[in-house]
Structure formats: C-alpha cells, structure tokens
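Student: I am new to this structure. Please take me closely through the place where the ligand sits, and then through the packing of the helices.

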Amino acid sequence: MAAPDITTDHGSAAHSAAPVLQLAGLGWGVGGATIVEDITLDVREGEFLAFIGPNGAGKTSLFNLISGLTTATSGTLALDGTDLTGRPAHVRARRGIGRTFQTSSLWPGMSVADHVRLAAQAAGGGSYRVWRRASPYTDEVRGVLERTGLGHRARALASELSHGEKRKLELAVLLVGEPRLMLLDEPMAGVSAEEVPALTELIRTLHRDEGRTVLMVEHHMDVLLGLADRLAVMHHGRLLALDTPEAVTADPTVQQAYLGEGL
Ligand SMILES: Nc1ncnc2c1ncn2[C@@H]1O[C@H](COP(=O)(O)OP(=O)(O)OP(=O)(O)O)[C@@H](O)[C@H]1O
C-alpha cells in the first residue's frame, strides 16, 4: 500500500482533509525480534477504534509507538497530517496525543483534586506547586472532576479510591490536557464487574458527547460492542483485520487467531 501524503513537522498547518492519525508501515523491533510489523491505518476525526488481539500480539507496543515511548524502526506516523515519526513523547503529548496505561500511574498519597491540578499546571506549562494549598479547586479542576464523576471524591487520596475510581481519575488527568487523540490501554483492567458499566458509560460520553477520538486496547468484547466504530485485530505484531465489530467477529481468520482463547 502506498504511504499517505504527509507533511513534515515544521509547524505547517494541518491538512484539513487528513485523518487525525495516519500510520504507514509502522514497525518496531528489539533485540532482533520484530514486535510490531507493517501497521498501516488511518484514524478518522471522532472515531472510536478499538484494538484487540491475543496476549502478546503487540497492542501495547503499538500504543508505545504512537505515544512516543518507543521509536519506530520502520514506517511513519502523522498527527493531523504532520509527520511525528521520531519525535519524542513530550512533543507528541503537546500536540494532543494523550494516553493512559495498563497499570495505575497515580500517586497513592496525593488527593484526587491535586492529581488533576498538577496535570492542569503541566498542560498549561506552569511549574508544579502541589504544596501550595491556597486554591486547589479551580473551575477547571472542578469541571474535569464533575465530568468524570469524581466531584464527590475530590479530597480523597488516590489510595482510598476503588479501582474504577482510579481509572476515572486517570481519565480526568488525561482530559485536562484536552487531548486530540486519547489512547486508553485496557481501562477496565482490575476494575470490578460492578464498576465496569459506569466506566464504560464515561468513555462512551467522552467519545459520543464530547466527540473525542479514542483508541482503546481492550480484551472484553462485551465492553467494545456498542462502543467501538471499528475493531483492529492484532496478531503476532501485525494487523490481521480492521473493520466494523460485526464484520470482525464474523471473520474466520480472526476466529482462528483466537483459537483456544475465545473472542
Ligand atoms: N522492550 C521489550 N523487549 C523485548 N520484548 C518486548 C518488549 N516489549 C514488548 N515485548 C514483547 O513484545 C510482545 C508484544 O507485547 P505487548 O505488550 O505489546 O503485547 P499486548 O498485545 O499488549 O499483550 P497483552 O494483551 O498481554 O497486554 C510480547 O511478546 C512482549 O514480551
């Protein structure tokens, strides 16, 4: 497949017709092993694209490549038509690529509001002043906490939160940066069955009502059905299928890849 037409990163205006994210032949290898291979796909504005695949298929590695935690060893990546291949994670974050991680990235002894306040300071380019307790609840902090259903937990420490609330706080921290693209890596991991519906609903709201573009790695198909516009199936580091959830789940090649694990 031909590489998409992308400009270079010199502050040029984004091409209005360009997809939000373009991956062209993206790959990553380490120690002689190829972990991610030849991923080519476009993500449209406002789309919800979910990544599924057996354990070790390369989903998190692909998110690392997109967010800049690792650098591609082949292919290109563009955001809004601007080539970001090889650019570091902080540049990509500043340009609107935000992500959450499979494991919690919170500070146990810090309050919910302070997490959001720090993230707001970082997003605004300010210095970190967590010890100044004069006005922790700015309108921005309060607004994000309300949007994520954590308004009543503002003063709680992260260590006091349930797993579902921790995932909401991670989303809140992400949202203060108003990311152009949200990468959610297994947001349901560790969350109790009772808390999954509320968290799913929050992610749905961020996507549908706020129009956010979402990429999400998730093992639970029941969460994705009715949420994702398209499913990307990864297998052995490659893109095995990319289609609507209905088409992907009916695809015999995909079913074969999941043999023994269940789709
Ligand atoms: N830094 C690394 N060095 C060597 N191998 C790695 C490295 N990072 C990932 N891998 C390997 O690459 C493969 C893909 O890992 P990755 O975590 O991306 O898969 P995944 O699809 O996200 O899996 P899971 O669903 O279990 O989270 C695995 O075999 C993993 O061991």
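Tutor: We start at the ligand and then turn to the helix pairs. Keep in mind that this is a predicted model.

Start with the shell. There are 14 residues around the ligand. Those that come nearest are Gly 56, Gly 58, Lys 59, Thr 60 and Ser 61. What kinds of residue make up the shell? Five are nonpolar, seven are polar and two are charged.

Now ask which elements supply these residues. Strand β1, residues 21-30, gives at least two of them. Helix α1, residues 59-67, also gives at least two. The largest share comes from α1, with three residues.

Next, look at single atoms. Take Gly 56 to begin with. One of its backbone N or O atoms lies 2.9 Å from an oxygen atom of the ligand. Move on to Gly 58. A polar backbone atom of Gly 58 is 2.9 Å from a ligand oxygen. Then find Ser 61. Here the side chain takes part: an N or O atom in it is 2.6 Å from an oxygen atom of the ligand. How much of the ligand does the protein bury? Taken alone, the ligand exposes 630 Å², and the protein buries 57% of that.

Leave the ligand now and turn to the helices. Begin with α3, residues 112-123, and α4, residues 139-147. Their axes come within 9 Å and cross at roughly 120°. An angle over 115 but not over 145 degrees counts as oblique, so α3 is oblique to α4. The crossing of this pair, α3 and α4, is right-handed.

Stay with α3, but change its partner to α5. The axes of α3 and α5 are 8 Å apart, and the helices pack at an angle of about 25°. That makes α3 roughly parallel to α5, because angles under 35 degrees count that way. The crossing of α3 and α5 is right-handed.

Finally, follow α5 to α6. Helix α5 covers residues 163-175, and helix α6 covers residues 196-208. Their axes come within 10 Å. They cross at roughly 15°. These two helices, α5 and α6, are therefore roughly parallel to each other. What is the hand of this crossing? α5 passes α6 in a left-handed crossing.

To retrace the path in the model, go from Ser 61 at the ligand to α3 and α4, then to α3 and α5, and end at α5 and α6.

Notes:
Residues numbered from 1 in each chain as written. Predicted model: local features only at pLDDT ≥ 70, side-chain atom pairs only at ≥ 80, totals over all residues. Heavy atoms only, no water. Near = heavy atom within 4 Å. Polar contact = N/O pair within 3.5 Å; in protein donor to acceptor, adjacent residues only side chain to side chain. Areas by Shrake-Rupley, 256 points an atom, 1.4 Å probe, with all protein chains shown as cover. Helix = DSSP H or I, 4+ residues; strand = E, 2+ residues; numbered from the N terminus. Nonpolar A, V, L, I, M, F, W, Y, C, P; charged D, E, K, R; others polar. Axes fitted to C-alpha atoms, helices over the stretch in contact; angles between N-to-C directions. Parallel < 35°, antiparallel > 145°, perpendicular 65-115°, else oblique. Left-handed = near helix turned anticlockwise from the far one by under 90°.
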